[in-house]
Amino acid sequence: MKRIFAAIGLCSLVVSASGQIDLGAAGEYAVVSTGEKLRLNSGPNIGDFLVGQGVQASFSGGGDGQILGTLFFDSTVTGTSTFDQLEVAPTTLLVSTDLTLQAHDDANAASLFAESLSPTQTLGALSGDVTINGNGGLNVINIEGLHNATVMINGTANDIFVFNVAGDFSTNRRFILNGGVGASNLLFNLLATDGNIFQTSGGNELYGTFLATRGGDFNFSNLNLTGALINTAGEVGIVSGSSVSFAGFDGEECIADIDNDGDVDHIDILEFLEWFISGDPAADLNGDGALDYLDVKVLILALIDGC
């Protein structure tokens with residue numbers, strides 16, 4: 001025990017937490033379109049849009065089409081004359097191609113990193129009624145696809161769910177989030193390369209950030225999404241009664257909340273010490289396979305930084 005507290009007293013080395021997924025500049029917008037085309041005629045869409053890198057814009061009236069935020073676009077976008085054809089003309093701002101390229105590159109890097117993570121669960125194609133339970137931290141779930149599945153996701157505010165989706169995602173059903181899980185806890189990394197890789201029809205109620213960087217299109221009817229859409233290689237069609245309300249993905253675990261109750265306090269320290277003293281692998285906070293002072297440093301720095 002004395003050695004543990006001595007290690008705490010000597011804590012000075014910065015150790016980065018594993019499992020953090022950072023969308024960078026791409027994570028600041030309700031919609032990022034840096035692929036081929038952005039079609040929009042419905043809404044309301046709550047949050048900012050970022051469009052660039054040669055995207056063709058095709059906006060039209062009807063369907064309560066509006067952006068309750070700012071439409072940021074760069075000089076390479078074509079079809080800008082259609083912006084004013086929305087039911088409610090958006091507030092627009094011309095930005096540099098450096099910004100749109102940064103968001104594009106950040107999204108691509110995040111997708112590659114998410115795909116590289118070791119899965120905690122591997123499932124087939126989801127359909128019917130599906131329940132997914134979190135582990136209190138980073139959940140990496142590889143699935144073949146999703147077809148009209150009602151998905152219940154149980155966990156805590158500290159659970160992060162990363163779904164690597166090999167095939168297409170097509171649904172007219174809803175997500176149900178329990179136990180503190182919110183839209184900001186969910187990332188769907190869509191890995192298919194062509195066709196309609198994400199499509200919806202009436203009845204859906206979805207949460208999370210949907211990220212596509214390999215190709216393939218988003219084609220929606222009556223999309224009801226709280227989260228974000230990012231497509232750097234294909235088309236995005238927010239049409240036919242679809243709407244997006246922005247909730248950005250937060251891919252950072254709260255390592256210091258050992259008991260996963262949403263608070264960081266003395267109970268977390270005591271539980272960690274119990275793990276550490278008993279040799280429980282759960283105390284290996286830096287993931288190097290050993291229990292030593294480096295794990296104590298990770299905990300103390302997380303406590304200092306807060307969650």
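Here are some exercises with worked solutions on the protein chain shown above, which is a predicted model.

**Exercise 1. Overall build**

Find out how many helices and strands the protein chain has, and decide whether its radius of gyration agrees with that of a compact globule.

*Solution.*
- Step 1: Start with the secondary structure. The chain contains four helices and 22 strands.
- Step 2: Take the chain length, 307 residues, for which a compact globule would have a radius of gyration near 19 Å.
- Step 3: Compare this with the model. The protein chain has 21 Å, so the value agrees with the globule rule.
- Step 4: Add the dimensions. The C-alpha trace spans about 70 × 45 × 30 Å along its principal axes.

**Exercise 2. Inside and outside**

Describe how much of the chain is buried, and what its accessible surface is like.

*Solution.*
- Step 1: Look at burial. Of the 307 residues, 49% count as buried.
- Step 2: Turn to the surface. The accessible surface comes to about 12600 Å², and carbon and sulfur atoms account for 48% of it.
- Step 3: Look at the charges. There are 8 positive and 37 negative charges, and their mean positions are 4 Å apart.

**Exercise 3. The nonpolar cores**

Locate the largest nonpolar core and explore the surroundings of Phe-218, one of its residues with the most contacts inside it.

*Solution.*
- Step 1: Find the core. The largest one has 50 residues, and those with the most contacts inside it include Phe-169, Phe-188, Phe-198 and Phe-218.
- Step 2: Zoom in on Phe-218. Beyond residues up to four places away in sequence, Phe-218 touches, among others, Leu-190, Ile-197, Phe-198, Phe-210 and Leu-229. Its partners also include Asn-231 and Glu-235.
- Step 3: Look for another core. A second, separate core has 22 residues, including Ile-21, Ala-25, Val-162 and Phe-249.

**Exercise 4. Backbone details in loops**

Work out where Pro-44, Gln-53 and Asn-222 lie, and what is notable about the backbone there.

*Solution.*
- Step 1: Begin with Pro-44, in the loop between strand 2 (37-40) and strand 3 (45-46). The peptide bond leading from Gly-43 to Pro-44 is cis, with omega near 0°.
- Step 2: Move on to Gln-53, in the loop between strand 4 (49-51) and strand 5 (56-59). Although Gln-53 is not a glycine, it has a positive phi of about 60°.
- Step 3: Now take Asn-222, in the loop between strand 19 (217-221) and strand 20 (224-231). Asn-222 is not a glycine either, yet has a positive phi of about 55°.
- Step 4: Check accessibility, where partly exposed means between 20% and 50%. Gln-53 has a relative accessible area of 29%, so it is partly exposed. Asn-222 is at 38%, so it counts as partly exposed too.

**Exercise 5. Sequence distance and space**

For the pairs Thr-226 with Ser-184 and Gly-289 with Val-181, state the separation in sequence and in space.

*Solution.*
- Step 1: Place Thr-226, which is found in strand 20. At 27% relative accessibility, Thr-226 counts as partly exposed.
- Step 2: Read off the first pair. Thr-226 and Ser-184 are 42 residues apart in sequence and 9.0 Å apart in space, C-alpha to C-alpha.
- Step 3: List contacts of Thr-226, leaving aside neighbours within four places in sequence. Among them are Ala-183, Leu-206, Tyr-207 and Ser-245.
- Step 4: Place Gly-289, in the loop between helix 3 (266-278) and helix 4 (293-305). With a relative accessible area of 70%, Gly-289 is exposed.
- Step 5: Read off the second pair. Gly-289 and Val-181 are 108 residues apart in sequence and 29 Å apart in space, C-alpha to C-alpha.

How values were computed:
Residues numbered from 1 in each chain as written. Predicted model: local features only at pLDDT ≥ 70, side-chain atom pairs only at ≥ 80, totals over all residues. Heavy atoms only, no water. Core = buried A, V, L, I, M, F, W, Y, C linked by side-chain atoms within 4.5 Å. Buried < 20%, exposed > 50% of the residue type's maximum accessible area, 1.4 Å probe, protein only. Contact = heavy atoms within 4.5 Å. Helix = DSSP H or I, 4+ residues; strand = E, 2+ residues; numbered from the N terminus. Rg over C-alpha atoms; globule rule 2.2 N^0.38 Å. Areas by Shrake-Rupley, 256 points an atom, 1.4 Å probe, with all protein chains shown as cover. Lys, Arg positive; Asp, Glu negative; His and termini not counted. Charge placed at Lys NZ, Arg CZ, Asp CG, Glu CD.
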